[in-house]
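Hello! Here are my notes on the structure you sent over, set out as numbered points so that you can check each one against the coordinates.

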Amino acid sequence: MAPLGTYSYYVYAVDGSANKSQKSNTVSATPPPDIIAPTPTVVSVAGVNSTEVALEWTASTDDGPYLFYEVFVNGSPSVDARQNRFAVVQGLTPETTYEFTVKARDLYGPPNVSEPSNVVTVTTSAVGGEDTEPPSAPGNLHGWDAGDGAREITLHWTQSIDNQTPQASIVYEVYENGVLDHTVTGVGRTVTYADQAGANTFTVIAVDEAGNRSEPASHVIVSQ
């Protein structure tokens, strides 16, 4: 129940023939306002390159089910991460030091905002140099069949981070049952079609501008 306004309730009985009784008396209740702020998160660095810093953080806790997160750079709001517990801050300057924090907010109240997380200090890397390090593997690969008989498959994943290639330039190879189906660039989603009914294995590999390839991420989807 949302702590917004007053709610009214009544009860009636229904027998096996769907006959309804008269309604009971009506009672009303007004939930108290939500004045409790979420707890602070703990932030850590997931990846760094010359213009981007990838962050992840622990879940905040609150007296309600919905929590949203915002990333701050040098004290100023930068990325609204919504309900995700990760974010990539983009458009940074190479070889520059930044301070990152995260705040949690709930759905109700003014809203209620947590105290800042711990401060993470990161220096972006220099541009160029030999790149032999692969991107991180695509995370949380999942998907589903549209169920329309066409075997249309929607895939989603958390985008990779690389030590030199910007996230928007990372290429994702999409495989179906071990065979390359297509590639997409700078996104965490795609649509493809299953070759056969039954179980199909979809695999996504991230490739940076130097040709380094990440560890694969795989997911099995059953089509009709």
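**Notes on the structure**

1. Let me begin with Ser160. Setting aside residues up to four places away in sequence, Ser160 touches Pro135, Ser136, Ala137, Pro138, Gln167, Ile170, Tyr172 and Ala206. Its place is the loop between S11 and S12. Is Ser160 buried or exposed? With a relative accessible area of 0%, Ser160 is buried. Please keep in mind here and below that this is a predicted model.

2. One of the partners of Ser160, Tyr172, also takes part in a ring pair. The structure holds 4 aromatic pairs. One of them joins Trp157 and Tyr172 in a tilted arrangement, with 5.4 Å from centre to centre and 55° between the planes. Trp157 sits in strand S11 (residues 152–158) and Tyr172 in strand S12 (residues 171–176), so the pair links distant parts of the chain, 15 residues apart. Trp157 and Tyr172 are both buried.

3. Now the overall fold. The protein has 16 strands and 0 helices. Among contacts between residues at least 6 apart in sequence, 58% join residues at least 24 apart.

4. On dimensions, the radius of gyration of the protein is 24 Å, whereas a compact globule of 224 residues would have one near 17 Å. Along the principal axes, the C-alpha atoms fill a box of roughly 80 × 50 × 20 Å. You may like to have both values at hand when you look at the view above.

5. Next, surface and charge. How many of the 224 residues count as buried? The share is 37%. The accessible surface comes to about 12300 Å², and 51% of that belongs to carbon and sulfur atoms. As for charged side chains, there are 9 positive and 26 negative ones, and the centres of the two sets lie 14 Å apart.

6. Two asparagines deserve a look at their backbone angles. Most residues other than glycine have a negative phi. Asn74, however, has a positive phi near 50°, and Asn177 has a positive phi of about 50°. Asn74 belongs to the loop between strand S5 (67–73) and strand S6 (76–82), while Asn177 is found in the loop between S12 and strand S13 (179–185). Asn74 is partly exposed at a relative accessible area of 47%, and Asn177 is partly exposed at 35%.

7. Towards the end of the chain numbering, Ser223 lies in strand S16 (residues 217–223). Which residues does Ser223 contact, leaving aside its neighbours within four places in sequence? They are Asp145, Arg151, Ile153, Ala194, Gln196, Ala197, Gly198 and Asn200. Ser223 counts as buried because its relative accessible area is 3%, under the 20% cut-off. From Ser223 to Thr158 the C-alpha distance is 23 Å, with their positions 65 residues apart in sequence.

8. Thr6 is placed in the segment before strand S1 (7–9). Thr6 counts as exposed, since its relative accessibility is 52% and the exposed class is over 50%. Even so, Thr6 has contacts beyond its neighbours within four places in sequence, namely Ser28, Ala29 and Thr30. The C-alpha atoms of Thr6 and Pro31 are separated by 7.2 Å, and these two residues are 25 residues apart along the chain.

9. Glu95 can be read in a similar way. This residue is in the loop between strand S7 (86–89) and strand S8 (97–106). Glu95 is exposed, at 60% relative accessibility. Outside its neighbours within four places in sequence, Glu95 is in contact with Thr123, Thr124, Ser125 and Ala126. Between the C-alpha atoms of Glu95 and Val122, 27 residues apart along the chain, the separation is 9.7 Å.

10. My last point concerns Ile35, in the loop between strand S2 (27–29) and strand S3 (43–48). Is Ile35 buried or exposed? At 70% relative accessibility, Ile35 counts as exposed. Ile35 and Phe202 are 45 Å apart in space, C-alpha to C-alpha, and 167 residues apart in sequence.

Conventions:
Residues numbered from 1 in each chain as written. Heavy atoms only, no water. Helix = DSSP H or I, 4+ residues; strand = E, 2+ residues; numbered from the N terminus. Rg over C-alpha atoms; globule rule 2.2 N^0.38 Å. Buried < 20%, exposed > 50% of the residue type's maximum accessible area, 1.4 Å probe, protein only. Contact = heavy atoms within 4.5 Å. Areas by Shrake-Rupley, 256 points an atom, 1.4 Å probe, with all protein chains shown as cover. Lys, Arg positive; Asp, Glu negative; His and termini not counted. Charge placed at Lys NZ, Arg CZ, Asp CG, Glu CD. Phe/Tyr/Trp six-rings, centres within 6.5 Å; stacked < 30°, edge-to-face > 60°.
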